[in-house]
Amino acid sequence: MPAATPAVSFDPALGLAVLRTPNSVYAVRIGADGSPRHLHWGPVLDAAALTTPRSPADSSFEDEAAADELAPQSGARFGPAGLQVRFADGTVGAQWHFLGPRIDGGELRLRLADRRYPLAAELCYRVRPDSDVIERWTELTHTGDDAPVTVHRLDSASWTLPPLADYRISHLVGGWNSEFQLHRDRLPVAETTLTSRRGLTGHHAGPWLALDDGTAEEEHGQVWSTALAWSGSWRITVHRDPVGRTTWTGGFGHEGLSWRLAPGETLRTPVFAGLYSAAGFGGASRAWHAHVRTRVLPEPERDRPVLYNSWEATGFAVDEAGQRRLAKLAAGLGVELFVLDDGWFGARTSDRAGLGDWTPRAQAFPDGLRPLVDEVHRLGMDFGLWVEPEMVNSDSDLYRAHPDWVLHAPTRDATELRNQLVLDLSLPEVETWVHRTLDTLVTGNGVDWLKWDANRPFTEAARPGAPDPDRVWIDHVRAVHRIMDRLRADHPGLRIEACAGGGARVDLGVLARTDQAWTSDNTDPVDRISIQHGFSQLLPAQAMAAWVTDSPNVTTGRTTPLRFRFHVAMAGALGLGGDLTHWTAEELAEAAELVARYKEIRPLVQRGVQHRLTAGGGVTAVHYATPDGTEHAVLAWRPTTRFGHPAAPLRLPALDGRARYRDLDTGEEYDGALLRHRGIDLRLPPGDHASRLLRLRRTDRLTNSTTGS
Ligand code: GLA
């Protein structure tokens, strides 16, 4: 057997660094000026063949023509800079001297030092043998002992496409109640900036994008996509120039901020991961899902529980008796985790007061939370608790005791949103207080799960008089991540759900320390179909919390059948959020049956391979399969009928055309080729809000020659 090609290599003669993944190659060449330049990102090929001989006559032309791996603001560079620094004498930018590579397994570091100033950078790359995802980040170090360096921009990475006939961008936009809406547009010949200036990842935009030449489809075509692992403000600028080159650069922070890099200090950016796929948008999503499941999410092999959450049922009107009633009903449905939402603490009977005072409200919980927690545990469920630890109502004991703990400027009016202010977690005493408060709540009450909410963006976030006033934009987020990490380390059974007024903080950074994310406060199943479609572009169903709530829906007023609501929510980590005390005996029985059904397909939904499908007649569907292709679950929805036309058969391209499959509910047998190419008749009932769960099992066994086993 020939030795496997190393995942990372560096050819000193060519100045060529190459990263190999199973289906892609990424190559960088060190320019004659010492700056790493992009050479290739795409299909597997011999990158050395792309290098032109370097001679004094043509090297400058070659280097100028190639995009920077991280563009410093210096020389004849006129596009968006990924690195902007200013030294004490007023000089800006960096001129690099290449110090050499450092290779450690699948990790490559390109080490750079400024030719005149005490500044060093490492452009870092990581690949893994089982994935096409390339993780990149930057580390910037002040190597001197004199004045600080001002950093105006430090991106994690810049990415470059090969020349394509055209360029199209896919990205996610939205708002509260309308998160994760997928937009796919022609990329203008311009600089297109996606950004959050909110201190949170954002409802309105997400730090994921995909680019293609305009011809990629769900299962075909080349797609280049990237995702930033950061839970605060961020910026990604895509630059399509008039000569046909497209690059994008991104990282933490928005425009107008600057950070002080002290002598000896290193600033490390979050990871900005990239993926090349030749298997269309669906193939790209599946590769991301596998990466997120194996490299990002904690405990991916542990199925996310079916939860009940009281928020839509009770609002702020929570008390022990009411929660006990709901818990009993939830347990009867097969729920595994009961989550007490907002309203249990301090003077919190509305969103006007009490936030920050994390002691149970005596009128509602006279003996504290313990009796309810014990009852929930006795019913066989875990206990979850809603917290919003980064926030405070101005009408709270915490704010009265520590008015200086919030983001504020003494000479500016404080902006209250949802009647609340943001605690400044960049202050060590505030971080310590938040950690201690949560640790005490978890330890003292036997809490198994925290729903960690953050219901407003930052304002007045630059602290006048502080030595590094904008640093809060980074340090607050790091403190949140650190507290989550510490809580998980100290309480190995504890699980955390990320939430921010719905899905305003969903990113690869927060998902590295939370089990799932609350996708949206909008639980209307029709709206959820597009919200879940957008979510699935980057993130797996396992991380996507989805509840069945009451009908008519509280947000949209739409009336839908219970089965349809379940079938939509079963496509993620299922939860229930309705007022069960008002559900009829028939509804409760149907819900119990559907929860049981979900548990049967849960390993496929949460750990399987996902395919997004459509069929004529307004049907969309999601197909989940075990990696070995034996078990299949398809959830298909038709929100509305048009002209009374029947739905077209649903084709299942992920099935094996040589195999046979049995419908586990009807016992019918199907030929794989027929299901792949002609499709299955879903037999949807007439009318709106029709849905179907289809479960198939492969019934044949492939011969050794076809499986190779
Ligand atoms: C946010 C969350 C909701 C709920 C409320 C409570 O809006 O997204 O699920 O927890 O806060 O105030």
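**View 1. Arg 418 and its partners at the ligand oxygens.** In this predicted model, Arg 418 places a polar side-chain atom 2.9 Å from an oxygen atom of the ligand. Asp 341 does likewise, with a polar side-chain atom 2.7 Å from a ligand oxygen. For Asn 455, the distance from a polar side-chain atom to an oxygen atom of the ligand is 3.2 Å. How much of the ligand does the protein bury? On its own the ligand exposes 310 Å², and 98% of that is buried by the protein.

**View 2. The shell around the ligand.** Step back a little and you will find 13 residues surrounding the ligand. The closest are Asp 341, Asp 342, Lys 451, Gly 502 and Asp 521. Sorted by class, the shell holds six charged, four nonpolar and three polar residues. Asp 341 thus appears here again, among the closest residues, with its polar side-chain atom 2.7 Å from a ligand oxygen.

**View 3. The eight-stranded barrel.** Follow the strands around and you trace a closed barrel in the order S22-S23-S24-S27-S28-S29-S30-S31, paired in parallel. On average, neighbouring strands in this sheet are turned by 30° against each other, direction ignored. As a general reminder, strands of a sheet pair through backbone hydrogen bonds, either parallel or antiparallel.

**View 4. Strands S29 and S30, with helix H10 alongside.** Strand S29, residues 516-518, runs parallel to strand S30, residues 544-548, and two bridges join them. Which residue of S30 is the bridge partner of Ala 517? Look for Met 544. Helix H10, spanning residues 562-569, lies across S30 and strand S31 (573-576), and runs at about 170° to S30.

**View 5. Two backbone features in loops.** In general, most residues other than glycine have a negative phi, and most peptide bonds are trans. Two spots here are worth a look with that in mind. The peptide bond from Ser 551 to Pro 552 is cis, with omega near 0°, and Pro 552 sits in the loop between S30 and H10. Glu 299 is not a glycine, yet has a positive phi of about 45°. You can find Glu 299 in the loop that links helix H2 (280-296) and strand S22 (307-309).

**View 6. The open four-stranded sheet.** This sheet has the strand order S11-S18-S17-S14, with antiparallel pairing. At its edges are strand S11 (157-160) and strand S14 (191-196), each of which pairs on one side only. Neighbouring strands of the sheet are turned by 15° against each other on average, again ignoring direction.

**View 7. Strands S14 and S17 side by side.** Six bridges connect S14 with strand S17 (residues 234-240), and the two strands run antiparallel. For a handy landmark, pick out Thr 193: its bridge partner in S17 is Thr 237.

How values were computed
Residues are numbered from 1 along each chain as its sequence is written. This is a predicted model: local features need pLDDT of at least 70, side-chain atom pairs count only at pLDDT 80 or more; totals for chains, interfaces and linings use all residues. Side-chain values use heavy atoms; hydrogens and water are left out. Two strands pair if DSSP finds at least two bridges between them. Axes are lines fitted to C-alpha atoms, for helices over the stretch in contact, and angles run from 0 to 180 degrees between N-to-C directions. Contact means heavy atoms within 4.5 Å. A residue is near a molecule or strand if one of its heavy atoms lies within 4 Å of it. A polar contact is a pair of N or O atoms within 3.5 Å; within protein, one must be able to donate a hydrogen and the other to accept it, and residues adjacent in sequence count only if both atoms are side-chain atoms. Accessible areas come from the Shrake-Rupley method with a 1.4 Å probe; for residues, only the protein chains shown count as cover. Ala, Val, Leu, Ile, Met, Phe, Trp, Tyr, Cys and Pro count as nonpolar, Asp, Glu, Lys and Arg as charged, and the others, Gly among them, as polar.
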